[in-house]
Every structure is written in C-alpha cells, then in structure tokens.
Amino acid sequence: QYASEQKIQVVGPKGSLMMSILGPTRKDTQIEVSLSDARTLGVKALIRESGDIKGTAGCKIVGPCGEVELTEGVIAAKRHIHVTPEAAVELNVKDKDIVSVKVDSAERSIIFGDVVVRVSASYALAMHVDTDESNAGAFKGEVFGEIVRCC
C-alpha cells in the first residue's frame, strides 16, 4: 500500500481537486473523497466499501500525460479497520464484522459507528477515516481508539 509522489487533478461539474495516487493498483479506477470534497467537485459520492463502485458518480482525471473521463468510480469510503488475522483473534472480530470505535480525547471524544472490519495477512492494524471524520474528532498525529461494540 503506498501513496505516489505523482498527483492528478480530479474534475467534477463544480470544481476540481489535486489528489494523490494510491496503490496498489486495482481492477477498476476508483476516486475516494470525503463528503466535503464531493460537494467541492459537485458530485454525489455514495458511501461504499472500497471497490464497490457500480452505479456511482463519475469524474474527469487530468494527469501529466492526458486525461480520462470516468463514467463511475467516485465514492466516500466507508470507514473501516484493517486487521491482521492474529489481531482479529485478539480483538475477537472477523472479516466483514461491523463495529463501533470510541476515540477519547481531551477536546472532542467521538464514537464512530458502522465501521467495517477487514481482515488480511497483508494489512497492518489501522483504522481508516476520511478528512471530515478526522476533523470531527480534532485528530492530530497518531490517534488510538477502542472497539466498544460488535454487531
């Protein structure tokens, strides 16, 4: 998993954003944005798990070698936790479980619901939230949370 130094311009009906290219490569091109970014672009970003792009909004991608028009692929990624198989056993969770995660802070403690657990040996233990969610908790630097409920 990586973030390339190369950036692209993502263009929607109302605006554009410069974004990093993330890997590894996937079968289909996908643009993950926060809901605030979606408003800036002028597209409706459906909240989906990564890779679930069928029926989503499209956009234009402009890079140094040209541009491409996507008919679908813009999503707001559903918040999720990457978990190794060993950590899954320790945390008593399994792939596709839906959990809540509590993050305590001095200023803005928050509980995130509807968090998808994704288990793979290729993952490192980490929760992924978007910029809007991070800002809601006033997160700075490395932040730790606790699974408080499994469904």
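This note walks through a predicted model, beginning with one glutamine and moving outward to the strands and cores.

1. A convenient place to start is Gln 30, which sits in the loop between strand 2 (16-23) and strand 3 (31-32). Its relative accessibility is 16%, and because buried means under 20%, Gln 30 counts as buried even though it belongs to a loop.

2. What does the side chain of Gln 30 make a polar contact with? One partner is the side chain of Glu 32, at 2.6 Å, and a polar atom of the Gln 30 side chain also lies 2.6 Å from the backbone nitrogen of Gly 51. If residues up to four places away in sequence are not counted, Gln 30 touches Ser 50, Gly 51, Asp 52, Ile 53, Gly 73 and Ile 75.

3. Strand 6 (66-77) deserves careful attention, since several pairings involve this strand. Strand 3 pairs with strand 6 in the parallel sense over two bridges, and within that pairing Glu 32, the residue whose side chain meets that of Gln 30, has Ile 75 as its bridge partner. Strand 4 (residues 46-48) is likewise parallel to strand 6, with three bridges between them, and here Leu 46 has Ile 75 as its bridge partner.

4. The pairing of strand 5 (57-63) with strand 6 runs antiparallel and is made of six bridges. These two strands form a hairpin with two residues between them, and Ala 57 stands opposite Val 74 of strand 6.

5. Which residues have the most contacts inside the largest nonpolar core? They are Val 10, Ile 31, Val 33, Cys 59 and Val 74, in a core that has 16 residues. Two or more residues of this core come from each of strand 1 (2-11), strand 2, helix 1 (35-41), strand 5 and strand 6. As background for reading such a group, nonpolar side chains in soluble globular proteins tend to be buried together.

6. Val 33 shows how one member of that core connects with residues elsewhere in the sequence: leaving aside neighbours within four places, Val 33 is in contact with Met 19, Ala 38, Leu 41, Ala 45, Val 74, Ile 75, Ala 76, Ala 77 and Asp 130. Apart from the core described above there lies another one, of 13 residues, among them Ala 88, Val 93, Phe 112 and Val 115.

Notes: Residues are numbered from 1 along each chain as its sequence is written. This is a predicted model: local features need pLDDT of at least 70, side-chain atom pairs count only at pLDDT 80 or more; totals for chains, interfaces and linings use all residues. Side-chain values use heavy atoms; hydrogens and water are left out. Helices (H or I, at least four residues) and strands (E, at least two) are DSSP runs, numbered from the N terminus. Buried means under 20% relative accessible area, exposed over 50%, partly exposed in between (1.4 Å probe, protein chains only). A polar contact is a pair of N or O atoms within 3.5 Å; within protein, one must be able to donate a hydrogen and the other to accept it, and residues adjacent in sequence count only if both atoms are side-chain atoms. Contact means heavy atoms within 4.5 Å. A nonpolar core is a set of buried Ala, Val, Leu, Ile, Met, Phe, Trp, Tyr and Cys residues joined through side-chain atoms within 4.5 Å. Two strands pair if DSSP finds at least two bridges between them.
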